[in-house]
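Here are my notes on the model, set out as numbered points. They run from overall confidence and form to the sheets, the ligand site and two loop residues.

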Amino acid sequence: MPRDLLQATSLKRSFHEGGRELHVLRGIDINVQRGQMVAILGASGSGKSTLLHLLGGFERPTACSVIFDGRNIYDLPGGKLDHYRNQHVGFVFQFYHLLPELTALENVMIAAMIRRGPLSWLAGQGATRQRALALLERVGLRERTRHRPAKLSGGERQRVAIARALMNQPDVLLADEPTGNLDRNTGANILQLLTELHDEGQTMVIVTHDEHVAARAESRGSVRRLVDGQLDGL
Ligand SMILES: Nc1ncnc2c1ncn2[C@@H]1O[C@H](COP(=O)(O)OP(=O)(O)O)[C@@H](O)[C@H]1O
Ligand SMILES: [Mg+2]
């Protein structure tokens, strides 16, 4: 049996709000194997982003652990947790989070700079640039590499964000409602791109409230539903 790439058992996260405890995740069990596409379907406010942030090492669970490749990421010392986030995970944020003053190409390259640090990045800049250009071509943006985000459509911004997430060859791509802010047609194109990346071997976890995304994952992987802080549909 293949070992899980990413795994959590009884994962809990609550927030203190207005003097009371809001239990958002009440014991999540999830296993992601290499090469899998997993979709997590949930209504707005059900805790999808919270779960994805926990899996990506962006915030700490209230209880339990997240096991990546056999080790609890939240037991790692700070630098190693940064390394996990930068090296092993590619995160596609719901609102793209592109830097407005940088071009599409620079937005993709910056992921490598964060990973390598400025000096090593300068030394390897040529190769980084080539890889970023190849990724932008892969996501269909060869003609848009010098554009700043303000000059790009929503679908194009999402493509840049996906290229950036792939820059460091992540073991797992975590996508937070990748079609959530796009019209139906553009969303379908982004879904097609994600499907192709999955065909090329990319492991991914997508959280969504888009039934089209869930249907696609159902045909090629697994769909879990996030309801009342727990996942069903193993
Ligand atoms: N940092 C936070 N502090 C307090 N409450 C939060 C925080 N982050 C999320 N929540 C609450 O947790 C619930 C789930 O949020 P979220 O994970 O963003 O849901 P979804 O992504 O499914 O829309 C919401 O009720 C939200 O208000
Ligand atoms: Mg969300």
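1. Helices and strands are meant here as DSSP runs, with at least four residues (H or I) for a helix and at least two (E) for a strand, numbered from the N terminus. On that basis the largest share of the shell around ligand 1 comes from helix 1, which gives 3 residues. The site is taken up again below.

2. This is a predicted model, so confidence comes before detail. The mean pLDDT of the protein is 90, and 96% of its residues reach 70 or more. Confidence is highest in strand 7 (residues 172-176), at a mean of 97, and lowest in helix 4 (residues 118-123), at 71.

3. On overall form, the secondary structure comprises 8 helices and 10 strands. The radius of gyration is 18 Å, which agrees with the value near 17 Å that a compact globule of 234 residues would have. Along the principal axes, the C-alpha atoms fill a box of roughly 45 × 45 × 40 Å. Of the 234 residues, 40% are buried. Of the contacts between residues at least 6 apart in sequence, 70% join residues at least 24 apart.

4. One open sheet has 4 strands in the order 2-1-4-5, with antiparallel pairing. Its edges are strand 2 and strand 5 (71-72); each has a single partner strand, so one side of each is left without a neighbour in the sheet.

5. Within this sheet, strand 1 (residues 4-17) and strand 2 (residues 20-33) run antiparallel and are joined by 11 bridges. Leu11 has Ile28 of strand 2 as its bridge partner, and Ser14 stands opposite His23 in strand 2. The hairpin of these two strands has 2 residues between them, and Gly18 takes a positive phi near 50° there. Strand 1 also pairs with strand 4 (residues 66-68), in the antiparallel sense and over 3 bridges. In that pairing Ala8 stands opposite Val66.

6. Is strand 3 (residues 37-41) enclosed or open to the outside? Here a residue is buried if 20 or more other C-beta atoms lie within 10 Å of its own. In strand 3, 5 of the 5 residues are buried, so the strand is largely enclosed by the rest of the structure. In a regular strand the side chains alternate between the two faces of the sheet. For strand 3, Met37, Ala39 and Leu41 point one way, Val38 and Ile40 point the other way, and all are buried.

7. Strand 3 has parallel pairings with two strands listed here. With strand 8 (residues 203-208) it runs parallel and shares 5 bridges, and Ala39 stands opposite Ile206 of strand 8. With strand 9 (residues 222-227) strand 3 is again parallel, through 4 bridges. The bridge partner of Leu41 in strand 9 is Arg225.

8. Which residues surround ligand 1? The shell consists of Phe15, Glu17, Leu22, Val24, Gly42, Ser44, Gly45, Ser46, Gly47, Lys48, Ser49 and Thr50. By class, these are 3 nonpolar, 7 polar and 2 charged residues. Strand 1, strand 2 and helix 1 (48-55) each supply at least two residues of the shell. Strand 1 and strand 2 are thus named twice in this note, as the strands joined by 11 bridges and as contributors to the shell around ligand 1.

9. Two backbone angles deserve a look. Most residues other than glycine have a negative phi. Gln169 has a positive phi near 45° and is not a glycine. Gln169 lies in the loop between helix 6 (154-166) and strand 7. With 10 C-beta neighbours inside 10 Å, Gln169 counts as exposed, because the cut-off for exposed is 12 or fewer.

10. The second case is Glu177, where phi is positive at about 45° although the residue is not a glycine. Glu177 belongs to the loop between strand 7 and helix 7 (184-199). Is Glu177 buried or exposed? Glu177 has 23 C-beta neighbours inside 10 Å and therefore counts as buried. The two loops have strand 7 in common: the loop of Gln169 lies between helix 6 and strand 7, and that of Glu177 lies between strand 7 and helix 7.

Conventions:
Residues numbered from 1 in each chain as written. Chains lettered and ligands numbered in written order. Predicted model: local features only at pLDDT ≥ 70, side-chain atom pairs only at ≥ 80, totals over all residues. Pairing = 2+ DSSP bridges. Near = placed C-beta within 6 Å. Nonpolar A, V, L, I, M, F, W, Y, C, P; charged D, E, K, R; others polar. pLDDT = per-residue confidence, 0-100. Rg over C-alpha atoms; globule rule 2.2 N^0.38 Å. Contact = placed C-beta atoms within 7 Å.
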